[in-house]
Amino acid sequence: MEARNAIVTGASYGIGEHIARALAARRVNLLLVARWEAALARLEPERRTRHTKVEFAAIDLGGPRAADEVAQAAATELGTVDVLVNNAAVELQRRFHTLDTDEIETVLRVDLITPIVLSRLLLPQMLERGYGRIVNISAIAGRVGFPFTEAYAASKDGLIAFSRVLRNDYRSADVSASAIVLGAVRDAGLGQRTLDETGLKANTAFMVKPDKVARAVVRAIERDKAEIVVMPGPGRLMKALMDLFPGFGSAMNRISGAEKLMSSVADYREASRHSVRMSM
Ligand SMILES: NC(=O)c1ccc[n+]([C@@H]2O[C@H](COP(=O)([O-])OP(=O)(O)OC[C@H]3O[C@@H](n4cnc5c(N)ncnc54)[C@H](OP(=O)(O)O)[C@@H]3O)[C@@H](O)[C@H]2O)c1
């Protein structure tokens, strides 16, 4: 992978930061994208320690021209792009009927539409040079019908389908796509932040560390893997069962405690919104 050029979206904190560091450690030249530029800049020292290029672009991936802006920034900062890691995502953790149209559209745009359009914009140059890897960070949410994730789960399952078709269509030209399907992640990312903010407890036996996700991304790129599920054994079993028996989803959510946990999180998010509105 050394000296390849890669874009990583959502690299300002959370899992994306770990993915970016893992790629920098392999001396991949990086364009890191998110909204919060100061947080992206925390990866600047990687330039010196890894002797690699680390550039930043502060772009809102929920904007209608976001993919064009990222492609333009990549052309300016990297020239060509060999690898795209679509990692950025937003998940509101509220009951679906409380989301307004703009909120639903933002989730779909950041989590699904921008990754697809950006892949499309980068594809011709990958085909021309005969190498490309597009890694889409997905989630188990849709597969197991995780509570209150309707728009997010639709996007994440959409990314799996997108990766499979893209891979089949272009792999003969050594331009390929992979989906990384994540369960809950601890020590970094939205899941951990939620536990920290709310004080709620989750079974860490079902969670993986972000470094494991970063290693899966590296493996997907190096070995061109179609799909990597990053979850401990019991979670993988649950995914397989839900694929076979989707009708048991709500019972599984009750038994696993997901329904109770996510109801509390949704209540917390709703209360936080109201307190922000009251203070305005
Ligand atoms: N954490 C988990 O347990 C878990 C489980 C399953 C799947 N995943 C997947 O793993 C990936 C990373 O999740 P995470 O937990 O690390 O999330 P996170 O901690 O919330 O980080 C999200 C990243 O995306 C960026 N982002 C969000 N909205 C954006 C926007 N409108 N424009 C540009 N950048 C935006 C954020 O940066 P800015 O705020 O600076 O823009 C941040 O860098 C996601 O694809 C998620 O679906 C995570």
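**Figure 1. A nonpolar surface patch in the predicted model**. Leu237, Leu241, Leu244, Phe245 and Phe248 make up this nonpolar patch, whose area is about 530 Å². One of these residues, leucine 237, belongs to helix H10, which spans residues 233–244. Leucine 237 has a relative accessible area of 56% and is therefore classed as exposed, the cut-off for that class being over 50%.

**Figure 2. The residue shell around the ligand**. The ligand is surrounded by 30 residues, of which Tyr13, Arg35, Asn87, Tyr152 and Lys156 are the closest. Sorted by class, the shell comprises 17 nonpolar, 9 polar and 4 charged residues.

**Figure 3. Secondary-structure elements that contribute to the shell**. At least two shell residues are supplied by each of the following elements: helix H1 (14–25), strand S5 (132–139), helix H7 (150–170) and helix H8 (190–198).

**Figure 4. Polar contacts to oxygen atoms of the ligand, and ligand burial**. In the side chain of tyrosine 13, an N or O atom is 2.7 Å from an oxygen atom of the ligand. Two further contacts involve the protein backbone: a polar backbone atom of tryptophan 36 is 2.9 Å from a ligand oxygen atom, and a backbone N or O atom of glycine 10 lies 3.1 Å from an oxygen atom of the ligand. The ligand exposes 880 Å² when taken alone, and 93% of that area is buried by the protein.

Methods
Residues numbered from 1 in each chain as written. Predicted model: local features only at pLDDT ≥ 70, side-chain atom pairs only at ≥ 80, totals over all residues. Heavy atoms only, no water. Near = heavy atom within 4 Å. Polar contact = N/O pair within 3.5 Å; in protein donor to acceptor, adjacent residues only side chain to side chain. Areas by Shrake-Rupley, 256 points an atom, 1.4 Å probe, with all protein chains shown as cover. Helix = DSSP H or I, 4+ residues; strand = E, 2+ residues; numbered from the N terminus. Nonpolar A, V, L, I, M, F, W, Y, C, P; charged D, E, K, R; others polar. Patch = residues over 30% accessible without salt bridge, like charges linked within 9 Å, V, L, I, M, F, W, Y side chains within 5 Å. Salt bridge = Lys/Arg side-chain N within 4 Å of Asp/Glu carboxyl O. Buried < 20%, exposed > 50% of the residue type's maximum accessible area, 1.4 Å probe, protein only.
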